[in-house]
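Got your viewer open? Let's take a walk through this model, one selection at a time.

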Amino acid sequence: MPLVNTKKMFEHAYKNGYAVGAFNVNNMEIVQGITEACKEANAPVILQVSKGARAYANHTYLVKLVEAAALECPNVPIALHLDHGPDFETCKSCIDGGFTSVMIDGSAHSFKDNIELTKKVVEYAHDRGVTVEGELGTLAGIEDEVSHAEGSYTRPEEVEEFVTKTGVDSLAIAIGTSHGAYKFKPEQCTVNENGILVPPPLRFDILEEVSKRLPNFPIVLHGSSSVPQEYVKMVNEFGGQMPNAIGVPEEQLREAAKLAVCKINIDSDIRLAMTATVRKFMVEHPDKFDPREYLKPARATIKDIVKHKLINVLGCAGNGDKCL
Ligand SMILES: [Zn+2]
């Protein structure tokens with residue numbers, strides 16, 4: 001099927017208590033690993049491209065890779081989304097260039113300027129059948145060129161005005177997630193009975209207040225990798241150095257997906273799984289030099305981790321043929 005926007009996906013996800021996974025794509029193996037998992041799990045998916053990904057792989061290559069995935073997986077509803085569009089021009093170039101959904105991240109601007117910028121993108125996008133995600137509140141952490149040392153929680157009292165005045169289709173809010181693989185400092189965490197660091201819980205009170213004010217409106221969580229410790233261990237065991245990498249516990253994301261959260265962004269976990277697999281391969285096979293030999297297991301690991309997310313975290317498996 002052709003690429004779709006997120007409208008019907010989110011309506012179905014909201015009604016049925018799951019979230020659609022939004023995975024960042026940068027190259028062929030990542031696109032294939034993710035979409036193969038969605039095909040097997042019968043899940044809709046959002047493939048998202050950041051400004052950094054466009055700078056790395058080139059807009060056309062990424063669009064064509066995603067279109068190829070749509071041909072190879074004809075039953076998987078796929079939206080091609082711009083992650084953290086920094087300005088109107090970038091959003092316009094993606095809308096004109098085949099994307100079905102864009103995010104305009106005006107969170108660094110004043111509330112008033114954020115509304116104005118988001119509204120401008122919405123008007124352009126809606127005329128062309130493209131859906132738009134906005135952002136209120138700021139996430140801490142680093143993701144490609146998006147970087148904030150300090151986050152600030154979304155203020156629920158602002159959401160109605162923002163959504164009404166801009167006409168956005170979904171809204172990213174800040175409730176304690178953050179970008180990157182180092183979401184929490186060890187001193188912010190408690191230690192459980194197995195000696196594992198447990199980060200502070202997400203602010204479900206903010207999420208509930210937002211959804212009370214905006215019934216049936218899809219909410220987005222950014223920075224929602226869980227940084228599986230088995231992959232951190234694997235990286236460290238095979239020559240890497242990622243001490244104290246900590247993510248958001250998967251149970252909390254599962255809870256959020258049952259509520260108003262309809263899109264959960266996962267990037268670092270895929271990077272981590274891919275790198276861990278390549279590191280292990282390199283150490284175990286120092287004589288090999290064919291990139292296919294190490295990218296093949298890396299792609300298989302991506303597929304495994306995405307399938308796990310679809311089934312156990314997002315809850316979207318089994319809905320691919322029902323959500324359109
Ligand atoms: Zn983000």
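How far should the 24 residues of helix α12 span, at 1.5 Å a residue? Select residues 291-314 to find out; keep in mind that this is a predicted model. The expected span is 34 Å, and the end C-alpha atoms of α12 are 32 Å apart, which agrees.

**Stop 1: the buried residues of α12**

Stay on α12 and pick out its buried residues: A298, R299, T301, I302, K303, I305, V306, K309, L310, V313 and L314. Here's a handy idea for looking at that list. An α-helix has 3.6 residues a turn, so residues three or four places apart point the same way.

What covers these buried residues of α12? Add β1 (20-24), α2 (28-41), α10 (250-258), β12 (261-266) and α11 (268-284) to your view, since the cover includes each of them.

**Stop 2: α2 against α12**

Now hide everything but α2 and α12. Two packed helices are described by the angle between their axes and the distance between the axes. For α2 and α12, the axes come within 8 Å and cross at roughly 40°. The two helices are therefore oblique to each other, and their crossing is right-handed.

Who meets whom? On the α2 side, select E29, I30, Q32, G33, I34, E36, A37, C38, E40 and A41. Their partners in α12 are L295, A298, R299, I302, K303, V306, K307, L310 and I311. Colour this contact by residue type and you'll get 11 nonpolar, 2 polar and 6 charged residues.

**Stop 3: either side of α12**

Go just past the end of α12 and click on G315, which takes a positive phi of about 75°.

Then jump to the loop between α11 and α12, where you'll find P286. Is P286 buried or exposed? P286 has 8 other C-beta atoms within 10 Å, so P286 is exposed; the cut-off for exposed is 12 or fewer. Try a distance label too: P286 and A140 are 38 Å apart in space, C-alpha to C-alpha, and 146 residues apart in sequence.

**Stop 4: a second helix pair**

Last selection: helix α7 (residues 156-166) with helix α8 (residues 204-213). These two pack at an angle of about 35°, and their axes are 9 Å apart. The crossing of α7 and α8 is right-handed.

Which residues touch here? P156, V159 and E160 in α7 meet I206, E209, V210 and R213 in α8. That contact has 4 nonpolar residues, no polar ones and 3 charged ones.

Technical notes
Residues numbered from 1 in each chain as written. Predicted model: local features only at pLDDT ≥ 70, side-chain atom pairs only at ≥ 80, totals over all residues. Helix = DSSP H or I, 4+ residues; strand = E, 2+ residues; numbered from the N terminus. Expected span 1.5 Å × (residues − 1). Buried ≥ 20, exposed ≤ 12 C-beta atoms within 10 Å, placed from the backbone. Contact = placed C-beta atoms within 7 Å. Axes fitted to C-alpha atoms, helices over the stretch in contact; angles between N-to-C directions. Parallel < 35°, antiparallel > 145°, perpendicular 65-115°, else oblique. Left-handed = near helix turned anticlockwise from the far one by under 90°. Nonpolar A, V, L, I, M, F, W, Y, C, P; charged D, E, K, R; others polar.
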